[in-house]
Amino acid sequence: MSDQIKVENPFHTARFKPQRKGKKPPKLIAVVHQSGCTGCEVCIAGCPVDCIELVPGPDVNNPGYQQMVEIDLQRCIGCQNCSQDCPWETITMYQHDDAFTAWGNETLVSELYVEESKIAK
Ligand code: SF4
Ligand code: SF4
């Protein structure tokens, strides 16, 4: 991932889903280590707030191949279901303030967050 600041992608359909309730952010947030994700979707089934998205694989000419998931950090409530359910143990719970750095290190390609400069003004 580049060092440029990423912002929520306003064009992704996840932005139409309900926002996280409550004023305080969760203590823990789930981050997918995408290089270990098989796209099996087990984690999606168990997420109570529907904040795990299936995203295209790395080959733009064949996006259905090697699909993986990405977790919307802004909507995760830290329930830990996904980290316990993932058969490949590729989801880790991080302290809230560490999750964003971990996300930058463990995300290969993001659909949910984009460089600010790429959003049309
Ligand atoms: S920790 Fe819970 S809310 Fe967060 S992505 Fe995993 S299943 Fe969803
Ligand atoms: S359960 Fe694990 S391997 Fe399967 S899609 Fe979720 S993160 Fe990827």
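**Exercise 1. Strands β3 and β4**

Determine in which sense β3 and β4 pair in this predicted model, and over how many bridges.

*Solution.* Step 1: the pairing of β3 and β4 is antiparallel, and four bridges join the two strands. Step 2: one bridge can be located by residue, since V55 has M68 of β4 as its partner. Step 3: M68 belongs to a strand that is covered on both faces, for M68 and E70 on one side of β4 are buried, as are V69 and I71 on the other.

**Exercise 2. The nonpolar core**

State how many residues the largest nonpolar core has, and which of them have the most contacts inside it.

*Solution.* Step 1: the core consists of 21 residues, and V31 and I71 have the most contacts within it. Step 2: at least two core residues come from each of β2 (28-32), β3 (52-55), β4 (68-71), β5 (91-95) and α3 (96-106). Step 3: β2 provides the largest share, with four residues. Step 4: the surroundings of I71 may then be listed. Apart from neighbours within four places in sequence, I71 is in contact with A30, V31, V32, C51, I52 and C76.

**Exercise 3. The overall fold**

Give the order in which helices and strands follow one another along the sequence, and decide how the radius of gyration compares with the globule rule.

*Solution.* Step 1: the protein contains three helices and six strands. Step 2: along the sequence they are arranged as β-β-α-β-β-α-β-α-β. Step 3: the radius of gyration is 14 Å, close to the 14 Å that the globule rule gives for 121 residues, so the protein is as compact as a globular protein of that length. Step 4: along the principal axes, the C-alpha atoms fill a box of roughly 35 × 30 × 25 Å. Step 5: of the 121 residues, 23% count as buried. Step 6: among contacts with a separation of 6 or more, 77% are made by residues 24 or more positions apart.

**Exercise 4. The two ligand shells**

For each ligand, identify the closest residues and the division of its shell into nonpolar, polar and charged residues.

*Solution.* Step 1: ligand 1 is surrounded by 14 residues, of which A30, C47, C76, C79 and C82 are the closest. Step 2: this shell comprises 10 nonpolar residues, four polar and no charged. Step 3: ligand 2 is surrounded by 13 residues, with C37, C40, V42, C43 and C86 the closest. Step 4: the shell of ligand 2 comprises nine nonpolar residues, three polar and one charged.

**Exercise 5. Positive phi angles**

Find the approximate phi values of E41 and D50, and classify each residue as buried or exposed.

*Solution.* Step 1: most residues other than glycine have a negative phi. Step 2: E41, which is not a glycine, has a positive phi near 75°. Its place is the loop between β2 and α1 (42-46). Step 3: E41 counts as exposed because it has 11 C-beta neighbours inside 10 Å, the limit for this class being 12 or fewer. Step 4: D50 also has a positive phi, about 55°, without being a glycine. D50 is situated in the loop between α1 and β3. Step 5: D50 has 12 C-beta neighbours inside 10 Å and therefore counts as exposed.

**Exercise 6. Two residues of the β1-β2 loop**

Both K17 and H12 lie in the loop between β1 and β2. Establish which residues distant in sequence each of them contacts.

*Solution.* Step 1: K17 has 13 C-beta neighbours inside 10 Å and so counts as partly exposed. Step 2: beyond four places in sequence, K17 is in contact with D50 and R75. Step 3: the C-alpha atoms of K17 and P87 are 26 Å apart, with their positions 70 residues apart along the chain. Step 4: H12 has 18 other C-beta atoms within 10 Å, and is therefore partly exposed. Step 5: H12 touches E111 and L112, sequence neighbours up to four places away being left out. Step 6: the C-alpha atoms of H12 and Y113 are separated by 8.9 Å, although the two residues are 101 residues apart along the chain.

**Exercise 7. The surroundings of Y113**

Assign Y113 to its element of secondary structure, and state whether Y113 is buried or exposed.

*Solution.* Step 1: Y113 belongs to strand β6 (residues 113-115). Step 2: with 21 other C-beta atoms within 10 Å, Y113 is buried, since the class requires 20 or more. Step 3: excluding residues up to four places away in sequence, Y113 touches K6, V7, E8 and N9. Step 4: for V7, the C-alpha to C-alpha distance from Y113 is 5.2 Å, across 106 residues in sequence.

Terms used:
Residues are numbered from 1 along each chain as its sequence is written. Chains are lettered from A and ligands numbered from 1 in the order in which they are written. This is a predicted model: local features need pLDDT of at least 70, side-chain atom pairs count only at pLDDT 80 or more; totals for chains, interfaces and linings use all residues. A residue is near a molecule or strand if its C-beta atom, placed from the backbone, lies within 6 Å of it. Ala, Val, Leu, Ile, Met, Phe, Trp, Tyr, Cys and Pro count as nonpolar, Asp, Glu, Lys and Arg as charged, and the others, Gly among them, as polar. A nonpolar core is a set of buried Ala, Val, Leu, Ile, Met, Phe, Trp, Tyr and Cys residues joined through C-beta atoms within 7 Å. Two residues are in contact if their C-beta atoms, placed from the backbone, lie within 7 Å. The radius of gyration is taken over C-alpha atoms; the globule rule is 2.2 Å times the number of residues to the power 0.38. Two strands pair if DSSP finds at least two bridges between them.
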